[in-house]
Amino acid sequence: MKWFTDLRKGQKILILINAVLAIALLVLAFSGVGLSDLFALGFIMAFLNIFSIIFARGLFKFGIDINTENAGDDVEPSDWKYMNWYIRWGEMTVAEIAVIVFGLVIEK
């Protein structure tokens with residue numbers, strides 16, 4: 001669980017929110033209520049968002065290592081980079097909530 005303790009507080013909160021949304025979307029997809037295809041798409045979005053949150057810093061360091069010689073192990077993303085990530089992750093979370101709403105409102 002070292003990877004979880006290394007995450008920032010905002011990342012932990014977004015992972016938990018997306019995990020709850022993913023479980024809700026999975027339950028809705030198999031319950032027969034609303035558009036199950038839309039719920040399945042929302043579940044895939046939630047899974048990819050969680051994956052992106054967990055591996056963001058590692059992928060950032062990997063990209064720096066590829067593009068720079070002698071980058072070192074202490075390279076960290078800037079606060080601007082984190083802000084960009086939070087905006088993207090927040091937008092995906094809002095899109096997942098919109099998928100739930102549209103999936104329940106739109107008839108088959």
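A helix, as the word is used here, is a DSSP run of at least four residues, and the helices are numbered from the N terminus. Glutamine 11, for example, lies in helix H2. The model described in this report is a predicted one, and the residue numbers start from 1 along the chain.

## Overall build

The protein chain contains four helices and zero strands, so that reading along the sequence gives the pattern α-α-α-α under the helix definition used here. Of the 108 residues in the protein chain, 29% are buried. If one considers the contacts between residues at least 6 apart in sequence, 71% of them join residues at least 24 apart. The chain exposes about 7200 Å², and carbon and sulfur atoms supply 70% of that area.

## Around arginine 8 and glutamine 11

What does arginine 8 form with aspartate 79? The two residues form a salt bridge, in which the closest N and O atoms are 3.4 Å apart, and the count for the structure comes to one salt bridge. Arginine 8 belongs to the loop between helix H1 (2-5) and helix H2 (9-31), whereas aspartate 79 belongs to helix H4, so the pair ties together parts that are 71 residues apart in sequence. The partners can also be described by their accessibility: arginine 8 is partly exposed, with a relative accessible area of 34%, while aspartate 79 counts as exposed at 56%.

Arginine 8 has a further partner, since its charged end sits over the ring of tyrosine 82 at 3.6 Å from the ring centre. Tyrosine 82 is also touched by glutamine 11, whose contacts, leaving aside residues up to four places away in sequence, are Ile53, Tyr82, Tyr86 and Trp89. Is glutamine 11 buried or exposed? Glutamine 11 has a relative accessible area of 3%, and because buried means under 20%, this residue is buried.

## Aromatic rings

A pair of aromatic rings is described by the distance of the centres and the angle of the planes. The structure holds six aromatic pairs. One of them joins phenylalanine 51 and phenylalanine 55, whose ring centres are 4.8 Å apart and whose planes stand at 55 degrees, so the pair is tilted. These two residues are four places apart in helix H3 (residues 36-67), and they are therefore separated by about one helical turn. Phenylalanine 51 is partly exposed, with a relative accessible area of 41%, and phenylalanine 55 likewise counts as partly exposed at 41%.

Ring pairs also link Phe60, Tyr82, Trp85, Tyr86 and Trp89 into a cluster. Tyr82, Tyr86 and Trp89 of this cluster are residues that glutamine 11 touches, and the ring of tyrosine 82 is the one over which the charged end of arginine 8 sits.

## A nonpolar patch at the surface

On the surface, Val33, Ile97, Val101, Phe102, Leu104, Val105 and Ile106 make a nonpolar patch of about 610 Å². Isoleucine 106, one of these residues, lies in the segment after helix H4 (79-105). With a relative accessible area of 41%, isoleucine 106 is partly exposed, and this value is compatible with membership of the patch because patches are made of residues with over 30% relative accessible area.

## Residues separated in sequence

The table sets out C-alpha distances for pairs of residues that are separated along the chain.

| Residue pair | Separation in sequence | C-alpha to C-alpha distance |
|---|---|---|
| Glutamate 91 and asparagine 49 | 42 residues | 10.0 Å |
| Isoleucine 23 and phenylalanine 43 | 20 residues | 7.9 Å |
| Tryptophan 3 and isoleucine 54 | 51 residues | 7.9 Å |

The residue named at the start of each row can be placed in the structure as well. Glutamate 91 is found in helix H4 and is exposed, with a relative accessible area of 53%. Isoleucine 23 lies in helix H2, and although its side chain is that of an isoleucine, the residue is exposed, with a relative accessible area of 55%. Tryptophan 3 has its place in helix H1 and counts as partly exposed at 41% relative accessibility.

Terms used
Predicted model: local features only at pLDDT ≥ 70, side-chain atom pairs only at ≥ 80, totals over all residues. Heavy atoms only, no water. Buried < 20%, exposed > 50% of the residue type's maximum accessible area, 1.4 Å probe, protein only. Contact = heavy atoms within 4.5 Å. Areas by Shrake-Rupley, 256 points an atom, 1.4 Å probe, with all protein chains shown as cover. Patch = residues over 30% accessible without salt bridge, like charges linked within 9 Å, V, L, I, M, F, W, Y side chains within 5 Å. Salt bridge = Lys/Arg side-chain N within 4 Å of Asp/Glu carboxyl O. Phe/Tyr/Trp six-rings, centres within 6.5 Å; stacked < 30°, edge-to-face > 60°. Lys NZ or Arg CZ within 6 Å of the ring centre and 35° of its normal.
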